[in-house]
Amino acid sequence: LDINTGVFSEYTYTPNEKLSIVAGLRYDYSTLWKHLVTPRVHLKYSVFPRGVLRLSAGTGAKTVNPLLENLGVFASNRTVVMDNQIANTREIGVSYGVNYTQKWDVDYRSFTLSIDFYRTNFLNKMIADMDFSPQSIHFYTANNAAFANSFMVQVEWEVIKFLNFKTA
């Protein structure tokens, strides 16, 4: 049983109308993991009157529960093979990214274009390997071997009054 208690603090710094910086820090104490500090920072800068650039970075962690996170595997009657260290694994990731949002008026109606790119590098990641064998699933941890990228372009337009079109 893991009991987790934490506190979070955040500071916003706005030196002018164009720039805003938000820094956050979370401290957790876990009966299983002891101490964990996870910082984050968000920066927002108005590049143009209706164009905003956002940068963000931060860390995060979670305790893995391989059996509950992969319940669908048990319907396949695969043999479960677990690395000895998997029971005491905490996934840790570092995330960072950028967003740019630009707004225009097209025929007196709002038009918004938003472009995002975010990446998470996992310093420690649980892997559920179903490709090792068709009869088994292997759970193990990988250090600095996993990442996730996310890229999105979103368009929102007020076609006529009270009717918005949004696609991504």
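Q: In this structure, which residues does Val-73 touch, not counting residues up to four places away in sequence?

A: In this model, which is predicted, Val-73 touches Arg-78, Met-130 and Ile-137, once residues up to four places away in sequence are set aside.

Q: Which residues make up the largest nonpolar core?

A: The general idea comes first: in soluble globular proteins, nonpolar side chains tend to be buried together. Here the largest nonpolar core has six residues, and Val-73 is one of them, alongside Val-64, Ile-86, Met-126, Ile-137 and Phe-139. Ile-137, a member of this core, is also among the residues that Val-73 touches.

Q: How should I read the strands, and how many bridges join β1 to β2?

A: One can follow the pairing from strand to strand. Strand β1 (residues 4-13) runs antiparallel to β2, and ten bridges join the two; within this pairing, Ser-9 stands opposite Leu-25 in β2. The two strands form a hairpin, with five residues between them.

Q: How many bridges join β2 to β3, and how many residues lie between these strands?

A: Twelve bridges join β2 to β3, and these strands are again antiparallel. Ala-23 has Val-41 in β3 as its bridge partner, and the hairpin that β2 and β3 form has three residues between the strands.

Q: What should I look at in a pocket, and which strands supply its lining?

A: It helps to take the space first and then the residues around it. The largest pocket holds about 150 Å³ of space, and of the 13 residues that line this pocket, Asn-4, Asp-28, Leu-36, Ala-61 and Arg-90 are the closest to its centre. At least two lining residues come from each of β2 (19-30), β3 (34-48) and β4 (51-63), and β4 gives the most, with four residues.

Q: How many residues of that lining are nonpolar, polar or charged?

A: The lining of the largest pocket divides into three nonpolar, five polar and five charged residues.

Q: Which residue in the loop between α1 and β5 has a positive phi, and is this residue buried or exposed?

A: Asn-77, in the loop between α1 (66-69) and β5 (79-82), has a positive phi of about 65 degrees although it is not a glycine. Asn-77 is exposed, with a relative accessible area of 71%, where exposed means over 50%.

Q: Where is Tyr-108 found, and what is its phi?

A: Tyr-108 is found in the loop between β6 (90-106) and β7 (109-133), and has a positive phi of about 65 degrees, although it is not a glycine. With a relative accessible area of 82%, Tyr-108 is exposed.

Definitions and conventions
Residues numbered from 1 in each chain as written. Predicted model: local features only at pLDDT ≥ 70, side-chain atom pairs only at ≥ 80, totals over all residues. Heavy atoms only, no water. Core = buried A, V, L, I, M, F, W, Y, C linked by side-chain atoms within 4.5 Å. Buried < 20%, exposed > 50% of the residue type's maximum accessible area, 1.4 Å probe, protein only. Contact = heavy atoms within 4.5 Å. 1 Å grid on protein atoms, 1.4 Å probe; cavity = no way out; pocket = protein on both sides within 12 Å on 5 of 7 lines; lining within 4 Å. Points joined across faces, edges and corners; volume = space filled by probe spheres on them. Nonpolar A, V, L, I, M, F, W, Y, C, P; charged D, E, K, R; others polar. Pairing = 2+ DSSP bridges.
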